[in-house]
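Work through the exercises below with the sequence and the 3D view open. Try each task before reading its solution.

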Amino acid sequence: MRSFWLSLLSLIAFSAISEAQEQLVILHTNDTHSQIDPNYKDLGGVLRRKVLVDSVRSVEPNVMLVDAGDAVQGTLYYTLFGGEVERKMMNLLGYDIVVLGNHEFDSGMEALRREYSQLEATKLTTNYDLRATPLDTLFVPYVIREVGGRKIGFIGINLRPEGMISANNCPGVEWLDPYEAANSTAWHLRHNERVDLVIAITHVGYSGTVDVSDVELAERSRDIDIIIGGHTHTLINPADPSTPASRIANLEGRDVLLASTGSLGVNLGMVKIDLDNLTASSELIPVDSRLDKDIAEQDAAVLLPYRHSVDSILSVSVGETLIPLAKEDCSLLNAVADFIMWRGSQLAGRKADLGIGNKGGIRCNLPQGIITQGMVMQMQPFDNFVEALEVTGADLLEALQVMANRGDFCVSQEVEIDLTPETHEIIEVKISGEPLDLNRVYTLATIDYLAKGGDYLSSLKRTHSLGVSPRLLNQDFMDYLKLGPLNPPVGPRFKIAQ
């Protein structure tokens, strides 16, 4: 371990620490999404992360480990075990503070209460009122840690559930205005509790999100010094000027430090706070295969009972692709939307006019060649179902515009959509070669989450349902694979006008 740490010191350029200079190191993660094992690029992995965390703790006297939400949902570890693996590993790593992401609610309130009651970290939310929920006694609105003679206050800011979390999964959760909650609590910490720094751990997104973002929170604050955020999978690397800004001026012109690691645990974030002058800096530590030799056998043993079940499902072949299917080139989005249209047509008893899905519901890409049951379940891990609807052209256009604004180009064949280059405003929609008729009623195939207004598609709540599949989305997709190898077109069906 000692030889590893010495090499790591040169890699991340740790500054020398004199006796007169004491610092607090905050290690942080966000949006790890059940990526317990390394991803398909052999990056990340929770056991590798533990090596890094243990190494920093071995040389730094003041270390905290925090998570900014969405620690779950995205691999078979969550599908099969409902958060148990993630909770056990977070306890093993010794997380100090966690906040809720939207996906923590995916299995409902009772499941969340069960896992979080066993999670040893401090559970933090400042703008969710949970008094009418089973989570009431588990969460606190702020916490103070005393380190090196300094008092550090932490608050937790969460996104609005409506449009992002199924209402069935978060009954009783009251969302409070995030800016009012953040600023009033930060003021209390600063002026009544007399803390030296206020740190917001957030799951709202870096910028451009609905209702609240980290950038706007920084701009509208006076007493927040650092924001450690998640939700939009933003990678902030102060060493790379091409990534988003790590410092945003607040209402008084002082810089607020923003930190976020991307997603899937491929980086460990590190914020270093000089406790003498209260200045802070941030950096990223890659989580990769160089750490494998230092993984402790007793740590790896914790995962063994779960890995056998995961590996057995990953080995069952269910179909084939002729090309690699990726969200990035829209080939996977096109394949999923075409599948939804196919299944929706069966449910409607007539050919659907179009199908739409959501990029956020697709959690990983599919390789070229043999596709296994486990791959499909990881690609579509949610308990969603295909649904057929009748929708007016006007409501359909509203939904397509929201999708265009979000860059969610998951739409089926026989649909052509032209967008303006700068604002992505819809210029024209054609379905089966005909311009969209605002007064016509169309047969739309989608998923039940979107039909209920998920991903901010509120106009779909005004539709008439023609039927919902009794089988999970991923089970229907496996049937679709039986029709033959997938070879969808590459490129978005939303076209940017030239």
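The exercises go from the overall fold to one aromatic cluster; the model is a predicted one.

**Exercise 1. Describe the overall build of the protein.**

Step 1. Take the secondary structure: the protein has 13 helices and 25 strands.
Step 2. Test the packing. The radius of gyration is 23 Å, close to the 23 Å from the globule rule for 498 residues, so the protein is as compact as a globular protein of that length.
Step 3. Take the extents. The C-alpha trace spans about 75 × 50 × 50 Å along its principal axes.

**Exercise 2. Characterise burial, contacts and surface.**

Step 1. Buried means under 20% relative accessible area. Of the 498 residues, 57% count as buried.
Step 2. Turn to contacts with a separation of 6 or more. Residues 24 or more positions apart account for 77% of them.
Step 3. Examine the surface. The accessible area is about 20,000 Å², and 50% of it belongs to carbon and sulfur atoms.
Step 4. Count charges: 42 side chains are positive and 67 negative. The centres of the two sets lie 2 Å apart.

**Exercise 3. Analyse the ring pair of Phe339 and Phe477.**

Step 1. Start from the total: the structure holds nine aromatic pairs.
Step 2. Check the geometry. Phe339 and Phe477 are edge-to-face, 5.1 Å centre to centre, with 90 degrees between the planes.
Step 3. Place the rings. Phe339 lies in helix H9 (residues 331-348) and Phe477 in helix H13 (residues 473-481), so the pair ties together parts 138 residues apart in sequence.
Step 4. Check burial. Phe339 is buried at 0% relative accessibility. Phe477 is buried, also at 0%.
Step 5. Widen the view. Ring pairs link Phe339, Trp342, Phe477 and Tyr480 into a cluster.

Conventions. Residues are numbered from 1 along each chain as its sequence is written. This is a predicted model: local features need pLDDT of at least 70, side-chain atom pairs count only at pLDDT 80 or more; totals for chains, interfaces and linings use all residues. Side-chain values use heavy atoms; hydrogens and water are left out. Helices (H or I, at least four residues) and strands (E, at least two) are DSSP runs, numbered from the N terminus. The radius of gyration is taken over C-alpha atoms; the globule rule is 2.2 Å times the number of residues to the power 0.38. Buried means under 20% relative accessible area, exposed over 50%, partly exposed in between (1.4 Å probe, protein chains only). Contact means heavy atoms within 4.5 Å. Accessible areas come from the Shrake-Rupley method with a 1.4 Å probe; for residues, only the protein chains shown count as cover. Lys and Arg count as positive and Asp and Glu as negative; His and the chain ends are not counted. The place of a charge is taken as NZ of Lys, CZ of Arg, CG of Asp or CD of Glu. Rings of Phe, Tyr and Trp (its six-membered ring) pair if their centres lie within 6.5 Å; planes under 30 degrees apart count as stacked, over 60 as edge-to-face and the rest as tilted.
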